Number of protein chains: 2
Amino acid sequence: MAQPLYQKVIDNIVAKIASGELLPGSMLPSEMQIAADTGVSQGTARKSLMMLEQHGIVRREQGRGTFVTARTPDSALFNFFRLRQRDGEMIRPELVSQKVTVRRATAAERRGLDGEPKSVVEIRRVRSLKGKPSVLETTVVSATRFAGLGQRTALPNTLYVHYQQNYGCIVLRAEEAISAMIADEDTATALNVEVGEPLLCVERVAFDIMDLRVERRRSLCRTDSFVYQVSLT
Amino acid sequence: MAQPLYQKVIDNIVAKIASGELLPGSMLPSEMQIAADTGVSQGTARKSLMMLEQHGIVRREQGRGTFVTARTPDSALFNFFRLRQRDGEMIRPELVSQKVTVRRATAAERRGLDGEPKSVVEIRRVRSLKGKPSVLETTVVSATRFAGLGQRTALPNTLYVHYQQNYGCIVLRAEEAISAMIADEDTATALNVEVGEPLLCVERVAFDIMDLRVERRRSLCRTDSFVYQVSLT
């Protein structure tokens, strides 16, 4: 089946963002220009931009133009960090410790990340909420796609802003699978709880703008003071 | 500040759905008719219908008209039931046992449900996934708002369809707060696990079309074979 014309325009723009030709925050060509460049009608160009906007890839500003969405530390943090106080209040997680390792990928990691990386960067972080160590987070990305990340001594609190600014990688969506587990010795020490305490285990797969799996992350969370919040519609 | 005109139209339609004057599945008046009835322009009527559609309250069918959304058992089930197999496959929960009680509301229940009900209907159900008892669910609603619900001997698997068909109550959205806990004796017996097994505790508040809190539900879930799945964007 032939691809619809607006999809061709979308793919074209997404590819330019993915390659870094269009940077976050930069202005896209006008509808008329896009139509001329891609050989489609202006209506089709408009439809493409509307769909990109619905997906949060671009932002249209009345009378100014259309811009590539720039992820801010706060939008990155609170869209993807779902732990809240019981009353719904947002909490800013703080970094307690961080250990970055570059190592061979396991078979599961090679299958679970696009590009089948031979080696990965593993970032193990303890985050604290309201002064209490609450989340033990292990993040794994391809060492090829994110070359040099393993050599960084300091990483910002929100990795997704770093991915976007330094690797042109926009994390657009993520899938999380949540289960309950019991703290083992390693986790109990990191989170300062007893072995056997119940914890949430949140396993995330993050997808970039081309819908490739760019990151896997496992977060073990204390939920005696905080909850993982979800809105269903 | 004056309410925008489209909001007046929206409130008017929502009130008619809430009162049962407009039933699920029924056709709304035309844009022109709505405009004439409410004293707004046809453009405003159109905007109101678009917003109602975005909220899933109505469905517009090209060339046919606009209809009040009817919740089907499947849409009700899978929008609000987030347990999945690890591979993402949906699972249809089956009812193992059910106990319905009418009792005085606790102070927390009076505060936690709109209308401050003096008495509530409590529905305690064990659901099984793939033949294994997996969810112990305790649902509480106002005994006034849902008069007669406590006398029903058999309730359908999906309560939200029952609420809509018998009480004109459309559950539009829900907030869930997830934490990890340890199975106590009562739960362990119901779910056929050892005392001390880790479980997910999912606390839900469900909102109707007027954004009133109509139901509270606590689900204790085994997650040794299943996970609670969330999509983040």
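Strands here are DSSP runs of at least two residues, numbered from the N terminus. By that count, Arg204(B) sits in strand E8 of chain B, which covers residues 198-208. The model is a predicted one, and chain A comes out with an average pLDDT of 89, with 97% of its residues scoring at least 70. Confidence in chain A bottoms out in helix H4 (residues 73-80), where the mean is 71, and peaks at 97 in strand E9 (residues 213-221).

Back to Arg204(B). Buried means under 20% relative accessible area, and at 8% relative accessibility Arg204(B) therefore counts as buried. A polar atom of the Arg204(B) side chain lies 2.5 Å from the backbone oxygen of Phe80(B). Leaving aside neighbours within four places in sequence, the contacts of Arg204(B) in chain B include Phe81(B), Tyr160(B), Ala174(B) and a run of glutamates, Glu175(B) and Glu176(B). Glu215(B), Arg216(B) and Arg217(B) are also in contact with Arg204(B), and from chain A there is Leu232(A).

As for how the two chains are arranged, a turn of 180° with a shift of 0.0 Å along the axis lays chain A on chain B, with an RMSD of 0.0 Å. That is the relation of a two-fold axis. The copies meet through the same surface, because 100% of the interface residues of chain A are interface residues in chain B as well.

Turning to the start of chain A, helix H1 takes in residues 5-19. Its 15 residues reach 22 Å from first C-alpha to last, close to the 21 Å expected at 1.5 Å a residue. Val9(A), Ile10(A), Ile13(A), Val14(A) and Ile17(A) are buried in H1(A). Viewed down the axis of H1(A), the buried residues fall within an arc of 125°, so they line one face of the helix. The cover over them includes helix H2 (31-38), helix H3 (42-54) and strand E2 (65-68) of chain A. Just after H1(A) comes Gly20(A), with a positive phi of about 95°.

H2(A) can be read in a similar way. Here the buried residues are Glu31(A), Ile34(A), Ala35(A) and Thr38(A). They fall within an arc of 100° seen down the axis of H2(A), so they too line one face of the helix. Met32(A), Ala36(A) and Asp37(A), on the other side of H2(A), are exposed. H1, H3 and strand E1 (58-61) of chain A are among the elements that cover the buried residues of H2(A). Just after H2(A), Gly39(A) takes a positive phi of about 70°.

Terms used
Residues numbered from 1 in each chain as written. Chains lettered and ligands numbered in written order. Predicted model: local features only at pLDDT ≥ 70, side-chain atom pairs only at ≥ 80, totals over all residues. Heavy atoms only, no water. pLDDT = per-residue confidence, 0-100. Helix = DSSP H or I, 4+ residues; strand = E, 2+ residues; numbered from the N terminus. Least-squares fit on C-alpha atoms with pLDDT ≥ 70 in both. Contact = heavy atoms within 4.5 Å. Expected span 1.5 Å × (residues − 1). Buried < 20%, exposed > 50% of the residue type's maximum accessible area, 1.4 Å probe, protein only. Arc of directions from axis to C-beta. Polar contact = N/O pair within 3.5 Å; in protein donor to acceptor, adjacent residues only side chain to side chain.
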